[in-house]
Amino acid sequence: MSSKKLTTEQALRIILSESEEENGEASDYGNDSDFDSESESYSRSMMQSLPLRLLPRISSATRHVRPIGVMVDIRHFHMDAQTFKMDYPKVLITGGLGQIGTGLAKIMRKRYGKDNVILSDIVKAPKRILDDGPFLYADILDLKNLQNIVVTNKIDWVVHFSALLSAIGEKNVPLALKINVDGLHNILELCKQYHLKLFVPSTIGAFGPDTPRNPTPDLTIQRPRTIYGVSKVHAELMGEYYHAASGLDFRSLRFPGIISADTQPGGGTTDYAVKIFHDALQTGVFNCYLRQDTRLPMMYLADCLRSIVEFMEIPSEQLPMRTYNVGAMSFTPEELVEEVRKYVPHLTTTYSPDGRQAIADSWPEVLDDSNARADWKWEPHYDLAATCKTVFEKLLPSMMSEQITDKPCKGTKELTIANVIDLLVSCET
Ligand SMILES: NC(=O)c1ccc[n+]([C@@H]2O[C@H](COP(=O)([O-])OP(=O)(O)OC[C@H]3O[C@@H](n4cnc5c(N)ncnc54)[C@H](O)[C@@H]3O)[C@@H](O)[C@H]2O)c1
């Protein structure tokens with residue numbers, strides 16, 4: 001195997017020419033792509049282009065994933081008798097430019113139609129987002145503007161993502177109260193006034209040090225110690241109150257930390273589980289702000305997005321509860337490092353716990369999601385191994401395109417095509 005340095009173009013040309021020889025075998029690559037927000041077509045086509053012998057672990061990881069069709073279950077939607085068109089919901093996503101929103105827009109647009117899902121935020125959207133479908137400025141503190149958007153666009157569902165997360169909320173409590181509490185009040189009133197279905201994500205942060213931590217059931221003590229957690233308990237209770245008092249179709253899922261490949265987390269306590277992948281590939285050095293034995297529940301983004309869509313499509317009368325735990329896996333930083341080292345064996349790690357350690361110590365270790373599994377058949381598809389494989393499968397091609405140049409990359413061993421292949425082949429062990 002040659003170890004001479006290659007330009008991006010040369011490396012890609014070699015890989016593409018090798019893949020042509022093995023064409024046709026790559027069709028079992030990934031079944032969850034329609035629920036996987038981050039699959040930029042460039043990365044995906046690059047991975048599909050890689051010779052299959054280089055993807056032994058990666059392809060088998062996704063092969064075990066239960067196939068999900070993109071076909072909409074039409075039992076949940078009506079057909080217009082005049083036009084014969086499906087009556088898909090018109091969805092507004094608030095705070096849509098954060099870690100989770102763009103992915104949800106992508107899969108909902110596939111299911112309900114591109115123009116039926118409106119992303120919104122108060123920050124400027126990049127061109128690729130504007131090209132993907134409708135985007136609006138919407139400040140959740142401005143009720144009049146929200147009313148205007150709902151009426152003008154005939155909105156049926158609101159997915160309310162705007163929030164200040166745990167670590168960032170602690171740094172600015174008045175702003176966290178404004179966004180997470182005042183903003184929520186606007187959204188609840190809006191949805192009540194226009195009879196909209198409402199989804200508000202909750203979090204493991206809605207539990208506290210007095211909660212049983214392993215496992216943590218749906219109905220238990222909730223005495224969080226962060227303003228983020230307090231605001232999420234408030235959201236759960238307010239939503240359930242509006243449901244009971246006004247019939248609002250309110251739904252909430254308590255998510256673990258969400259792991260994504262190419263969307264950045266927004267300042268939560270579980271962000272380390274995203275940062276490690278970038279650090280491993282960029283510098284080979286990972287400094288963790290939590291102790292190595294801190295066990296927390298986590299979920300890969302594709303599972304999170306699929307849970308929202310599946311939950312939102314369940315008819316209201318079939319839901320005995322309005323707020324559910326959803327789980328997928330639980331691990332410690334040490335266990336994550338061990339899994340990441342299968343791909344980046346030279347990764348070095350240090351642990352320097354900071355203020356986020358106290359937050360993590362007050363959160364559940366394992367979520368009991370048996371009610372979600374029983375009531376609406378929730379089932380996660382990604383465990384730790386499958387998550388790592390999938391994240392690397394997404395990051396490696398973009399790393400190759402960015403870093404296989406004539407310049408050696410900083411802090412890591414020189415990234416020649418031979419080294420990248422070594423990384424891929426190391427997946428076999
Ligand atoms: N990411 C996770 O690990 C995780 C875990 C559990 C629950 N959640 C919940 O999921 C939701 C989305 O999380 P995320 O990680 O995408 O958050 P994020 O911090 O990445 O994004 C939040 C978005 O809200 C927007 N926003 C802030 N102020 C606003 C305002 N006044 N009006 C409109 N938008 C405003 C921000 O611009 C940002 O794009 C949040 O409610 C969060 O609590 C996330």
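Two strands count as paired when DSSP finds at least two bridges between them, and that rule is handy for the opening view. Please keep in mind that the model shown here is predicted.

**View A. A mixed sheet of three strands, with a helix packed on it.**
The strands of this open sheet follow the order S8-S10-S12, and their pairing is mixed. The edges belong to strand S8 (257-259) and strand S12 (329-331); each has a single partner strand, so one side of each is left without a neighbour in the sheet. Direction ignored, neighbouring strands here are turned by 45 degrees against each other on average. Strand S10 (residues 296-300) runs antiparallel to S12, and the two are joined by three bridges. To find this pairing in the model, look for Pro-297, which stands opposite Ser-330 in S12. Helix H11 (residues 301-313) packs on the sheet, where it touches S8 and S10. The direction of H11 makes about 80 degrees with that of S10.

**View B. Helix H11 again, now with helix H4 as its packing partner.**
Helix H4 (residues 101-112) packs with H11 at an angle of about 50 degrees, and their axes are 10 Å apart. H4 is therefore oblique to H11. The crossing of H4 with H11 is right-handed. H4 brings Gly-103, Leu-104, Ile-107, Met-108 and Arg-111 to the contact, while H11 brings Leu-301, Leu-305, Ile-308 and Val-309. By class, the residues of this contact of H4 with H11 are seven nonpolar, one polar and one charged.

**View C. Helix H8 alongside helix H9.**
What angle do H8 and H9 make as they pack? The angle is about 15 degrees, and the axes lie 10 Å apart. With angles under 35 degrees counted as roughly parallel, H8 is therefore roughly parallel to H9. H8 passes H9 in a right-handed crossing. From H8 (residues 173-193), the residues in this contact are Val-173, Ala-176, Leu-177, Asn-180, Val-181, Leu-184, Leu-188 and Lys-192. They meet Ile-227, Tyr-228, Ser-231, His-234, Ala-235, Met-238, Gly-239, Tyr-242 and Ser-246 in H9. Sorted by class, the contact of H8 with H9 has eleven nonpolar, five polar and one charged residues.

**View D. Helix H8 once more, here packed with helix H6.**
Helix H6 (residues 143-153) meets H8 at an angle of about 35 degrees, with 10 Å between their axes. The crossing of H6 and H8 is right-handed. On the H6 side, look for Leu-143, Leu-146, Gln-147 and Val-150; on the H8 side, they meet Asn-186, Glu-189 and Leu-190. Four nonpolar, two polar and one charged residue make up this contact of H6 with H8.

**View E. The shell of residues around the ligand.**
How many residues surround the ligand? There are 29, and the closest are Gly-95, Gly-98, Ser-162, Ala-163 and Gly-266. Two elements from the earlier views return here: H8 and S8 each supply at least two residues of the shell. By class, the shell around the ligand holds 15 nonpolar, twelve polar and two charged residues.

**View F. Two backbone details, at Pro-215 and His-195.**
Most residues other than glycine have a negative phi, and most peptide bonds are trans. Against that background, both spots deserve a look. The peptide bond that joins Asn-214 and Pro-215 is cis, with omega about 0 degrees. Pro-215 sits in the loop between strand S6 (202-203) and helix H9 (227-246). His-195, although not a glycine, has a positive phi of about 55 degrees. You will find His-195 in the loop between H8 and strand S5 (197-199).

Technical notes: Residues numbered from 1 in each chain as written. Predicted model: local features only at pLDDT ≥ 70, side-chain atom pairs only at ≥ 80, totals over all residues. Axes fitted to C-alpha atoms, helices over the stretch in contact; angles between N-to-C directions. Helix = DSSP H or I, 4+ residues; strand = E, 2+ residues; numbered from the N terminus. Left-handed = near helix turned anticlockwise from the far one by under 90°. Contact = placed C-beta atoms within 7 Å. Nonpolar A, V, L, I, M, F, W, Y, C, P; charged D, E, K, R; others polar. Near = placed C-beta within 6 Å. Parallel < 35°, antiparallel > 145°, perpendicular 65-115°, else oblique.
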